[in-house]
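Okay, thanks for coming, everyone. I'll put the structure up on the screen, and then we'll walk through a few parts of it together.

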Amino acid sequence: MRYIISLLLFLSLGLSLLGQDTSLTKKQQPLPVNGADSINASLVNADIDTLIKPDTISIAGVGDMMLGTSFPSTKYLPPNDGRNLLDAVTALLNNATLAFGNLEGCFLDAGEPSKKCKDSTKCYVFRMPERYAPYFKEAGFDMLSLANNHAGDFGNPARTTTIALLDSLGIHHAGQTIRPYTTFEKGGLKYGFVAFSPNSYTLQITDLEYAESIVHELDSICDVVIVSFHGGAEGIDHQHVTRETETFYGENRGNVYEFSHRMIDAGADVIFGHGPHLLRATELYKDRFICYSLGNFATYARFSLSSPKHLAPIVEVFTKPDGTFLYAKVHNFVQHGEGGPKADDKSQSYTQLKKLTESDFPETNLQFTGNNLILRKP
Ligand SMILES: [Zn+2]
């Protein structure tokens, strides 16, 4: 009896709490009975959480991460030796089925840069202390991209050290030509992960036929294929997806629109882009979700974090077990000062992703609803 009374109290408390969210719930249509398949833009947060099926998976993606560099000076290392830099995002990342990010640097304790710098203070090469590698594991990262313009900053010793450290921690990585892609199992599903960039010793974003062949192969042996790219021109003048080849500093940075579509045609399920250091639009293509740029996420010192480069969202993509898009949730974070993601109650990332998506892909079948949801249009 006591149990029943407690249960009733619990239920009435729960209902009254739900009742507080009246501003949006009152406008909703009745909940669909057949669950997540019927999710549409009339639903909001609280209801979507109740509709997640046991087999729904969530893949959280973030952009560039460099937790501090000991080169050219240890003054570029964060307080408390970086132990707290990812504290604000650890619970969220661990809660996702999988978490992805771009490792914009390498792990190495000593060694010289692979390119010569006339003035080391103006030389942007990054060498994270090797003892920082476990921070990514503790924060919840399952997959890191090593295809970018900083993975090779300290040459082969750094590449092999970084790969060995990630292997020892059980963090899956991709993008280096010596270890181009990976497959792994989690929760009964098989995942494939591959990463591309325009940079040396990485899988080339411009070699579409080769990229397609890898994705096609991964698709034939995996349930879900995740593709990362570090591509497109950088900065505020290049925030829009042009659907053309982008050149920056004389370098072909790829046609990220064509690349993403062709990877999905070849079997990719989720595409996480980064590289421009700020946010770009999202798109739904053949029921697969594309983030064209996730911006900076955890970049300590040496990075410009002036607006809008300070926006550091976690975009959590919810899919069926075959990678079909259900919906996405934007968790809003910003970086201030020297950097490190902190919660943003102004939802700036979400607002910007909405604006960019509506501007660059007005035809796409996505709708931004509530204060952090991206849904399929009804
Ligand atoms: Zn970069």
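So, let's start with strands β20 and β21, residues 366-369 and 373-376, which run antiparallel and are joined by four bridges. If you want one pair to find on the screen, take Leu366, whose bridge partner in β21 is Arg376. These two strands form a hairpin with three residues between them, and there Gly370 takes a positive phi near 70°. Keep in mind that this is a predicted model.

Let's zoom out for a second. The protein chain has nine helices and 21 strands. Of its 378 residues, 47% count as buried. And if you take the contacts with a separation of 6 or more, 67% of them are between residues 24 or more positions apart.

Now for a sheet. In what order do its six strands sit? Reading across, the order is β7-β8-β9-β12-β14-β13; the sheet is open, and the pairing is mixed. β7 (181-186) and β13 (282-285) are the edge strands, and each has a single partner strand, so one side of each is left without a neighbour in the sheet. From one strand to the next, the twist averages 15°.

A quick reminder for the newer folks: strands of a sheet pair through backbone hydrogen bonds, either parallel or antiparallel. Inside this sheet, β9 (residues 224-230) and β12 (residues 270-274) pair in the parallel sense, over five bridges. One pair to look for is Ser228 with Phe272, its bridge partner in β12.

What lies across β7, β8 and β9? That's helix α7, residues 208-221, and it runs at about 170° to β8, which is residues 189-196.

Let's finish with a single residue, Thr183, which sits in strand β7. Is Thr183 buried, exposed or partly exposed? It has 16 other C-beta atoms within 10 Å, and that makes it partly exposed, because a residue needs 20 or more to be buried and 12 or fewer to be exposed.

And who does Thr183 touch? Leaving aside neighbours within four places in sequence, Thr183 is in contact with Lys190, Tyr191 and Gly192, and also with Leu218, Ile221 and Cys222. Take Leu218: Thr183 and Leu218 are 35 residues apart in sequence, yet their C-alpha atoms are 7.8 Å apart in space.

Okay, that's my tour. Who wants to go next?

How values were computed:
Residues numbered from 1 in each chain as written. Predicted model: local features only at pLDDT ≥ 70, side-chain atom pairs only at ≥ 80, totals over all residues. Pairing = 2+ DSSP bridges. Axes fitted to C-alpha atoms, helices over the stretch in contact; angles between N-to-C directions. Contact = placed C-beta atoms within 7 Å.
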